[in-house]
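Student: I have a protein model to read and I do not know where to begin. Could we go through it feature by feature?
Tutor: Yes. Open the model, and we will start with the sheets.

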Amino acid sequence: MGKRIVNAYKSVDKTQAYALSEAVKIVKSNATAKFDETIDIAVNLGVDPKYADQMVRGVCSLPHGTGKTVRVAVFAQGEKADEAKAAGADIVGAENLVDSILAGKVDFDRCIATPDMMGMAGRVARVLGPKGLMPNPKLGTVTADVANAVKKAKAGEVQYRVEKNGIVHAGIGKASFSEEQILENAKAFIDAIIKAKPTGAKGTYMKKVSLSSTMGVGIQIDTANM
């Protein structure tokens, strides 16, 4: 390990669970790479997502955004296409967007579609689905209000989905954010996960939470002190 990582480990007791505010302070102070590191949160849930009633999936609007520039593509036509462009969508199209995606050009981070365009979007489901980009009404990415969906995506709305091992993770900011901004974003994300508790979850729902930066060490958070 490099000297920076070694020093970071010295500031962390791996056997201790820290209060969220203290974890934020440690992670931010150790994020000293030459680029603006992403602050990541990982939540280990007591669910088995292979069962439909234990799936955890949704969206969360972070009060301070993610610090990441989000490129948005929209399947729309006519007035809805105009609304999407006015709201700041990077790519707006119909048949031409399908052709572009099928040609391997998937240079966007979020895909939105109006309900009437889902048949067309379905033609590229095999491309967008594995990338987690397929428009979905449950995530608010299939909607007639494309302008609002685009604005939310641009503002730093985070999509999350539990993985097969029961972990949900997301980038909730940058090391350049203030401690207060990171803390408020972390709380918003944790609250969203709590509210998304599925009906089939049994026992301890939120088993473990950790915070880290791109090049930093993971800090375990005391789930009773968040």
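Student: What is the order of the strands in the open sheet of three strands, and is the pairing parallel or antiparallel?

Tutor: Keep in mind that this is a predicted model. To describe a sheet, list the strands as they lie side by side, then give their directions. Here the order is β4-β3-β5, and the pairing is parallel.

Student: Which strands stand at the edges of that sheet?

Tutor: β4 (91-93) and β5 (110-113). Each has a single partner strand, so one side of each has no neighbour in the sheet. From one strand to the next, the twist averages 15°.

Student: How many bridges join β3 to β5?

Tutor: Four bridges join β5 to β3, which covers residues 72-75, and the two strands run parallel. You can find the register by looking for residues that stand opposite each other. Val74 is opposite Ile112 in β5, and Phe75 is opposite Ala113 in that strand.

Student: Which helix packs on this sheet?

Tutor: Helix α7, residues 146-155, packs on the sheet and touches β3 and β5. Its direction makes about 165° with that of β3.

Student: How do I read the two faces of a strand?

Tutor: In a regular strand, side chains alternate between the two faces of the sheet. The next step is to ask what covers each face.

Student: Are the residues on the two faces of β5 buried or exposed?

Tutor: They are all buried: Arg110 and Ile112 on one side, Cys111 and Ala113 on the other. Both faces of β5 are therefore covered. For Cys111, the relative accessible area is 2%, and buried means under 20%, so Cys111 counts as buried.

Student: How many disulfides does the structure hold?

Tutor: Zero. A cysteine can still be described by its accessibility. Cys60, at 5% relative accessibility, counts as buried.

Student: What is the strand order in the open sheet of four strands?

Tutor: The order is β7-β1-β8-β9, with antiparallel pairing. β7 and β9 (219-221) stand at the edges; each has a single partner strand, so one side of each is without a neighbour in the sheet. The twist averages 25° from one strand to the next.

Student: How many bridges join β1 to β7, and how many join β1 to β8?

Tutor: Seven bridges join β1 to β7, and these strands run antiparallel. Thr38 stands opposite Lys174 in β7. Seven bridges also join β1 to β8, again antiparallel. On that side, Asn44 stands opposite Lys208 in β8.

Student: How many residues lie between β8 and β9 in their hairpin?

Tutor: A hairpin is read from the two strands and the residues that link them. β8 and β9 form one with five residues between them. The two strands pair in the antiparallel sense over three bridges, and Leu211 stands opposite Ile219 in β9.

Student: Which strands does helix α8 lie across?

Tutor: Helix α8, residues 179-195, lies across β1, β7 and β8 (206-213). It runs at about 155° to β7.

Student: Where is Gly156?

Tutor: For a single residue, give its place, its exposure and its contacts. Gly156 is in the loop between α7 and β6. Its relative accessible area is 4%, so Gly156 is buried. Leaving aside neighbours within four places in sequence, Gly156 is in contact with Cys60, Leu62, Gly65 and Thr66. Lys202 is 46 residues from Gly156 along the chain, and their C-alpha atoms are separated by 31 Å.

Student: How much space lies in the largest pocket?

Tutor: About 810 Å³. For a pocket, look next at the lining. It has 31 residues, and the closest to the centre are Arg110, Val158, Gln159, Tyr160 and His169. β1 (38-45), β6 (157-161) and β7 (167-174) each supply at least two residues of this lining.

Student: What is the volume of the largest cavity?

Tutor: The largest cavity has a volume of about 40 Å³. The count of cavities of 30 Å³ or more comes to one. Residues lining the largest cavity include Arg110, Cys111, Gly132, Leu133 and Gln159. Arg110 and Gln159 were also named among the residues closest to the centre of the largest pocket.

Definitions and conventions:
Residues numbered from 1 in each chain as written. Predicted model: local features only at pLDDT ≥ 70, side-chain atom pairs only at ≥ 80, totals over all residues. Heavy atoms only, no water. Disulfide = S-S within 2.5 Å. Buried < 20%, exposed > 50% of the residue type's maximum accessible area, 1.4 Å probe, protein only. Pairing = 2+ DSSP bridges. Axes fitted to C-alpha atoms, helices over the stretch in contact; angles between N-to-C directions. Contact = heavy atoms within 4.5 Å. 1 Å grid on protein atoms, 1.4 Å probe; cavity = no way out; pocket = protein on both sides within 12 Å on 5 of 7 lines; lining within 4 Å. Points joined across faces, edges and corners; volume = space filled by probe spheres on them.
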